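Here is a short set of exercises to work through with the model open beside you. Try each task before you read its solution.

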Amino acid sequence: MEEIRKDPLVPAVKPDPRTSSIGEGPNRRHENDEGGSGGLEVGAPDLDKDLLCPICMQVIKDAFLTACGHSFCYMCIITHLKNKSDCPCCSQHLTNKQLYPNFLLDKLLKKTSARHVSKTATPLDQFRDALQRGCDVSIKEVDNLLTLLAEKKRKMEQEEAERNMQILLDFLHCLRKQKVDELNEVQTDLQYIKEDINAVERHRIDLYRARDRYSVKLRMLGDDPSTRNAWPLEKSHTGFNSNSLSIRGGNPPGNFQNKKVEGKAQGSSHGISKKDAQSGSDSQSLNQSSVSMARKKRIHAQFSDLQECYLQKRRQLVDQPHSNQESDNSVVRREGYSYGLADFQSVLTTFTRYSRLRVIAEIRHGDIFHSANIVSSIEFDRDDELFATAGVSRCIKVFDFSSVVNEPADIQCPIVEMSTRSKLSCLSWNKHEKNHIASSDYEGIVTVWDVTTRQSLMEYEEHEKRAWSVDFSRTEPSMLVSGSDDCKVKVWCTKEEASVLNIDMKANICCVKYNPGSSNFIAVGSADHHIHYYDLRNISQPLHVFSGHKKAVSYVKFLSNNELASASTDSTLRLWDVKDNLPVRTFRGHTNEKNFVGLTVNSEYLACGSETNEVYVYHKEITRPVTSHRFGSLDMEEAEEEAGSYFISAVCWKSDSPTMLTANSQGTIKVLVLAA
């Protein structure tokens with residue numbers, strides 16, 4: 001999408017009639033035939049205005065007189081006559097041969113200049129001038145002057161030293177205050193850390209004790225004869241009847257030798273079982289140790305961001321009332337834990353849980369010899385059972401998600417296909433009517449479809465240019481909003497044939513999104529680099545304009561009612577607080593300078609595409625990527641070539657799941673899942 005740039009309008013300034021003659025050049029005619037300046041005071045405000053050159057409006061230098069009686073600077077009149085053969089004052093014909101030195105005016109100018117200098121000169125200048133002119137001064141007077149000057153110099157040096165000392169003292173006081181504040185902050189942080197270490201140690205000891213209790217119970221159950229005898233009963237169902245009889249003592253009393261042999265066999269089998277259990281326990285312990293090491297490495301790799309996250313949460317939440325602390329159900333409180341520590345542990349757990357993206361399914365619809373493969377939008381339906389794709393192929397395709405994942409095939413066929421007249425830019429499922437989906441296209445048409453009948457229910461054609469984005473309200477199933485290159489945001493109702501609300505803006509609209517908690521609020525991303533947050537009950541001006549992106553805002557998505565994420569072609573994602581109207585965090589790592597590469601969010605993670613043909617995942621509390629996945633060939637050389645040719649074009653999380661749909665400009669669709 002081309003970015004629209006509008007230069008600021010500079011209001012016109014009316015010229016001052018008193019200075020309008022400046023800069024009009026040598027061809028300007030003066031009404032004053034005697035070389036008047038028209039009331040200008042340029043260069044020498046205290047000199048007679050008749051002593052100014054009518055051309056340059058400065059004191060005449062090297063005065064020359066014309067045949068018509070006007071005086072000019074020599075260089076000014078010579079330059080003028082090269083372009084035009086007339087007098088600048090009276091327009092009488094004039095040539096270089098009709099110019100004569102004006103010695104009288106030069107002498108007058110020198111005297112006037114000297115008087116002017118004497119009036120404006122400082123005492124030091126006057127004294128220097130007197131010495132240069134050779135005034136009579138005795139040796140004693142010179143000695144007195146030198147003594148006076150030496151005293152003056154010492155006084156000035158002392159004052160300068162005092163000023164420097166005061167500046168240094170002010171700096172040191174300021175530095176001391178800053179360092180004391182930092183020390184107090186560090187001491188407070190250390191106190192928080194000490195309290196949290198004690199709380200975590202107590203909780204860890206409780207966990208060890210609980211584990212020991214469970215281990216004792218397991219050993220007791222393992223040594224209980226009734227428990228051991230219960231196992232053969234289970235084996236009897238698998239066909240081992242003879243062994244079960246032997247173990248239970250079901251053989252005849254006289255067959256003592258057989259019992260002895262079977263007892264040895266039983267003992268050996270118990271030994272093998274113990275060895276297997278021990279080896280299984282060792283392998284499990286080794287696996288857990290490797291996972292723990294990997295998680296620790298991820299912590300050290302992002303230690304600065306995690307440290308900032310911990311301190312921020314600990315400082316902000318330490319003084320919050322208990323009632324406010326209880327409001328967030330996603331954070332599990334433990335006895336002795338502060339709310340900030342519990343919140344940070346939740347962040348640390350989710351952040352270190354995953355380290356890679358694993359492919360669980362892939363759909364290849366793209367033709368490598370055909371350019372119309374870009375998937376512009378990919379979206380799950382209300383129940384995450386179906387997902388739809390759309391793009392430049394002029395077709396909406398609907399797939400069954402479970403079929404794609406559980407029945408992989410080289411070519412997966414959609415269960416529904418709906419052809420459109422134009423290339424599609426965006427899709428949005430209705431979160432109440434399962435079978436309804438809205439689309440926006442390159443001709444500016446917004447269409448509501450019924451997937452069951454494969455027919456359009458409503459078509460809105462009010463946009464004058466390409467419509468980039470459309471979104472259904474989560475709280476009002478009949479309401480949807482769209483944004484277009486015509487700089488208009490339109491709100492539609494499926495019960496009405498025309499738009500019910502229109503917002504005119506000054507730049508192209510790239511994206512629109514309803515707040516999930518209310519149909520009264522929408523976020524609008526624009527080519528003016530800003531996000532405009534509107535209350536639709538009063539559209540005269542936005543509630544707030546979020547600034548920070550350096551280029552067009554391509555996507556806006558809500559993580560919650562108060563958290564808004566945005567993507568831009570400045571290669572950043574940003575997180576905003578729409579309740580307090582504050583910037584929260586900036587995410588960097590992917591590359592996005594010219595294309596729409598997709599953005600999707602859930603309660604904890606943000607994911608977007610990159611122009612390097614990679615998918616990036618960020619945790620909302622950490623500014624650097626958690627992980628990424630590259631589309632294309634496993635061969636490094638081929639992958640680098642493809643990275644320059646293709647880009648990720650659409651992404652979508654599955655609700656409350658680490659699973660994500662992704663698509664690229666080649667037409668390849670992948671189902672990815674976060675893995676350890």
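The exercises below go from the whole chain to single residues.

**Ground rules**

This is a predicted model, so to speak of local features we ask for pLDDT of at least 70, and side-chain atom pairs count only at pLDDT 80 or more, while totals for chains, interfaces and linings use all residues. Residues are numbered from 1 along each chain as its sequence is written, and side-chain values use heavy atoms, with hydrogens and water left out.

**Exercise 1. Get an overview of the protein chain.**

Step 1: count the secondary structure. Helices (H or I, at least four residues) and strands (E, at least two) are DSSP runs, numbered from the N terminus. The protein chain has 12 helices and 31 strands.

Step 2: check burial. Buried means under 20% relative accessible area, exposed means over 50%, and partly exposed is in between (1.4 Å probe, protein chains only). Of the 676 residues, 39% count as buried.

Step 3: look at the contacts, meaning heavy atoms within 4.5 Å. Take those between residues at least 6 apart in sequence: 48% of them join residues at least 24 apart.

**Exercise 2. Find out how many disulfides the structure has, and explain the result for Cys-76 and Cys-87.**

Step 1: recall the chemistry. A disulfide is a covalent bond between the sulfur atoms of two cysteines. Here the test is a pair of cysteine sulfur atoms within 2.5 Å.

Step 2: run the search. Over the whole structure, zero disulfides turn up.

Step 3: check the two cysteines. For Cys-76, the closest cysteine sulfur is that of Cys-56, at 3.8 Å, so the pair is too far apart for a bond. For Cys-87, the closest is in Cys-68, and at 3.6 Å that is also too far for a bond.

Step 4: add burial. Cys-76 counts as buried at 18% relative accessibility, and Cys-87 is buried at 1%.

**Exercise 3. Describe the span that UniProt labels "domain: RING-type", then look at helix H1 and Asp-86.**

Step 1: place the span. The unreviewed UniProt entry puts this annotation at residues 53-91. UniProt positions are given in the numbering used here, feature names are shortened, and annotations may be inferred rather than shown by experiment.

Step 2: describe the span. Residues 53-91 are 26% helix and 18% strand, with the end C-alpha atoms 16 Å apart.

Step 3: go to H1. Its buried residues are Cys-76, Ile-77, Ile-78, His-80 and Leu-81. They pack against strand E2 (71-73) and E3.

Step 4: find Asp-86. This residue sits in the loop between helix H1 (74-83) and strand E3 (99-101). Buried or exposed? Asp-86 is buried, at 12% relative accessible area. Beyond its neighbours within four places in sequence, Asp-86 has contacts that include His-80, Leu-81 and His-93.

**Exercise 4. Trace the E9-E10-E11-E12 sheet and its E10-E11 pair.**

Step 1: get the order. Four strands form an open, antiparallel sheet in the order E9-E10-E11-E12. Two strands pair if DSSP finds at least two bridges between them.

Step 2: find the edges. Strand E9 (424-429) and strand E12 (455-460) each pair on one side only.

Step 3: zoom in. Strand E10 (residues 436-441) and strand E11 (residues 446-450) run antiparallel and are joined by five bridges. Ser-439 has Thr-447 as its bridge partner in E11.

**Exercise 5. Place Val-481 in its surroundings.**

Step 1: locate it. Val-481 lies in strand E14 (residues 479-484), and UniProt (unreviewed entry) places a "repeat: WD" feature at residues 460-492. Those residues are 0% helix and 55% strand.

Step 2: check burial. Val-481 is buried, at 0% relative accessibility.

Step 3: list neighbours. Val-470 is 11 residues away in sequence and 5.6 Å away in space, C-alpha to C-alpha. Not counting residues up to four places away in sequence, Val-481 touches Val-470, Val-491 and Trp-492, among others.

**Exercise 6. Identify the largest nonpolar core.**

Step 1: set the rule. A nonpolar core is a set of buried Ala, Val, Leu, Ile, Met, Phe, Trp, Tyr and Cys residues joined through side-chain atoms within 4.5 Å.

Step 2: apply it. The largest core has 31 residues, and those with the most contacts inside it are Ile-531, Leu-564, Leu-573, Leu-599 and Leu-606. Strand E21 (residues 553-558) gives the most to this core, with four residues.

Step 3: look further. A second, separate core of 27 residues includes Leu-311, Tyr-337, Ile-622 and Phe-631.
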